[in-house]
Amino acid sequence: MRDMVNLRHDEVPSRWYNIIPDLPVPLPPPLDPDHGPSRIGNLPNLMIGECLKQEFSQENWIDVPGGVMDLFAKAGRPRPLFRATNLEKRLETPARLYYKGEFYSPTGSHKVNTALAQCWYAKQQGFKRVTTETGAGQWGTALAYAAAVTGLKCTVYWVRSVYNWKKDRLSFMKLFGAEVYASPSPRTDVGRSLYDKNPNHVGSLGIAISEGLEDSQKDPAATYSLGSVLNHVLMHQTVIGLETQKQFEIFGDYPDVVVSCLGGGSNFGGFALPFMGDVLKKGKKIKFIAAQSQVAPNLQGTYQYDFADYAEMTPLLKMYTLGHKSDMEPIKGDGLRYHGCSPIISLLRNEGYIDTVAYPKDEKHVFENARLFMETEGWLPAPESAYSICAAIDEALKCRESGEKKTIAFNISGHGFLDIPGYRAVLGVE
Ligand SMILES: *Cc1c(COP(=O)(O)O)cnc(C)c1O
């Protein structure tokens, strides 16, 4: 077998996997807080109708509309699964390492998968514009791209601390025709309340979500689109894991360990949940590891109801959380910096199905391992994906100690072509 397997384009999965009916205990529903207006009642004013329906669906499989399959093809799906033979040799590990190439993406990350689906549904429903938040900038770029190819306008509220230094990503979004604002901005009530006190406010994902929500709420032609955390977002991303399962069949192998980085959960969920389905329904044994940063180790927070945004406009979600008003220091893997973890992943963690590791905030170990991956396998990963690589390498080294021939699968959720300044800063290369 060669070191890479891909599918034919007509083998791209045409149904998404919805794990909700297979969960070991029922998923706690979103709740309204004791005070104030009903957040749940307001959801239809905020969310794309079809996505809201999917959010609560009890169907195991949901058809990917033909229009979305066409968009997946336009975005270059399917994406290859590689065997990391060079890296294995360098590590002198008996483990077999496989990585999925989500970095084959028009904007650089896996986030295009749900962006395309959401924009397609928004267009069908007659919306003219989508609004959103972005942290690292990958989600904002993905939505800007998806809006462009589906003929929608796009407005992005971008956490100021990142907006200020990722100039290339800003231009990238603007080339797709998106309007982009540093958040907190003076354009919304929530933003203004913070901006007026401090125009240099560094912002947070929670604040930017509030701004995106408020903007769409005030314009009937606009809808809001979220890039992670929610059930339907993870479900759209299962195309990654479903492809990977078919590719493992072709390789004639099957993972013992499934690793991925986790901020809100869309990357981890998209890659791991189809395999989790095998564990829950077919009795497979797999160790799942979610890789995080010590600045936002939400899976080590408390499992409780919390808001998904700063201004408390969303319903309460039962999730592992650090608190919706918590401050988290900036890191280069900024896409992992969010206070809460998706309710689905949180439940599975609470039931003991998912292990987690959090790496120190200087990111040295993470970036050094990413560099090792680059030197051996040749791909430049996004800083967030570097966490997946790091955790996979740590597992492979444990196998070197124990002599176990484990099969380790990880997802490279994005490329780092626009993140070289981050590598420079952490590794001190010229
Ligand atoms: C956003 C992002 C992640 C994290 O995704 P979550 O849904 O927040 O867990 C990982 N990798 C890349 C490249 C990203 O852009």
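Student: In what order do the 7 strands of the open sheet with mixed pairing stand?
Tutor: This is a predicted model. Its 7 strands form an open sheet, and the pairing is mixed. The edges are S1 (4-5) and S14 (354-359), each paired on one side only. Read across, the order is S1-S4-S5-S15-S10-S11-S14.

Student: In which sense do strand S4 and strand S5 pair, parallel or antiparallel?
Tutor: Strand S4 covers residues 81-83, and strand S5 covers residues 96-101. They pair over 3 bridges. The sense is antiparallel.

Student: Which residue in S5 is the bridge partner of Phe82?
Tutor: Stay with the pair S4 and S5, which has 3 bridges. Look across from Phe82 into S5. The bridge partner there is Tyr99.

Student: Which residue is joined to Pro78 by a cis peptide bond?
Tutor: Start in the loop between helix H3 (66-74) and S4, where Pro78 has its place. The cis bond has an omega of about 0°. The residue joined to Pro78 is Arg77.

Student: In what order do the 4 strands of the open sheet with parallel pairing stand?
Tutor: Here the pairing is parallel, and the sheet is open. The edge strands are S8 (179-183) and S9 (222-224), each paired on one side only. Neighbouring strands are turned by 25° against each other on average, direction ignored. The order is S8-S7-S6-S9.

Student: Which residue in S7 does Arg129 stand opposite?
Tutor: Strand S6 (residues 129-134) and strand S7 (residues 153-159) pair in the parallel sense. They do so over 6 bridges. Opposite Arg129, in S7, stands Lys153.

Student: At about what angle does helix H6 run to S6?
Tutor: Helix H6 takes in residues 138-150. The helix lies across S6 and S7. To S6, helix H6 runs at about 165°.

Student: Near what value is omega for the peptide bond from Ser183 to Pro184?
Tutor: Find Pro184 in the loop between S8 and helix H9 (189-195). The bond from Ser183 to Pro184 is cis. Its omega is near 5°.

Student: How does H14 lie to H15, roughly parallel or roughly perpendicular?
Tutor: Helix H14 (residues 364-377) and helix H15 (residues 383-402) have axes 8 Å apart. They pack at an angle of about 85°. Angles of 65 to 115 degrees count as roughly perpendicular. Therefore the arrangement of H14 to H15 is roughly perpendicular.

Student: How many nonpolar residues are in the contact of H14 with H15?
Tutor: H14 brings residues including Val366, Phe367 and Leu372, and H15 brings residues including Ile389, Cys390 and Ile393. Among the residues of the contact, 2 are polar and 1 is charged. The number of nonpolar residues is 11.

Student: How many residues does the contact take from domain 2?
Tutor: Domain 1 is 4-10 + 72-109 + 234-427, and domain 2 is 15-64 + 112-224. Their C-alpha centres lie 22 Å apart. The contact takes 56 residues from domain 1. From domain 2, the number is 58.

Student: About what area do domain 1 and domain 2 bury between them?
Tutor: Of the buried area, 69% is on carbon and sulfur atoms. The area buried between the two domains is about 4500 Å².

Student: Which residue other than glycine has a positive phi near 60°?
Tutor: Look in the loop between strand S12 (302-307) and strand S13 (316-321). A residue there has a phi near 60°, yet is not a glycine. The residue is Glu312.

Definitions and conventions:
Residues are numbered from 1 along each chain as its sequence is written. This is a predicted model: local features need pLDDT of at least 70, side-chain atom pairs count only at pLDDT 80 or more; totals for chains, interfaces and linings use all residues. Side-chain values use heavy atoms; hydrogens and water are left out. Axes are lines fitted to C-alpha atoms, for helices over the stretch in contact, and angles run from 0 to 180 degrees between N-to-C directions. Helices (H or I, at least four residues) and strands (E, at least two) are DSSP runs, numbered from the N terminus. Angles under 35 degrees count as roughly parallel, over 145 as roughly antiparallel, 65 to 115 as roughly perpendicular and the rest as oblique. Contact means heavy atoms within 4.5 Å. Ala, Val, Leu, Ile, Met, Phe, Trp, Tyr, Cys and Pro count as nonpolar, Asp, Glu, Lys and Arg as charged, and the others, Gly among them, as polar. Two strands pair if DSSP finds at least two bridges between them. Domain bounds come from an automatic or database domain assignment. Buried area is the accessible area (1.4 Å probe) that two parts lose on being put together, summed over both.
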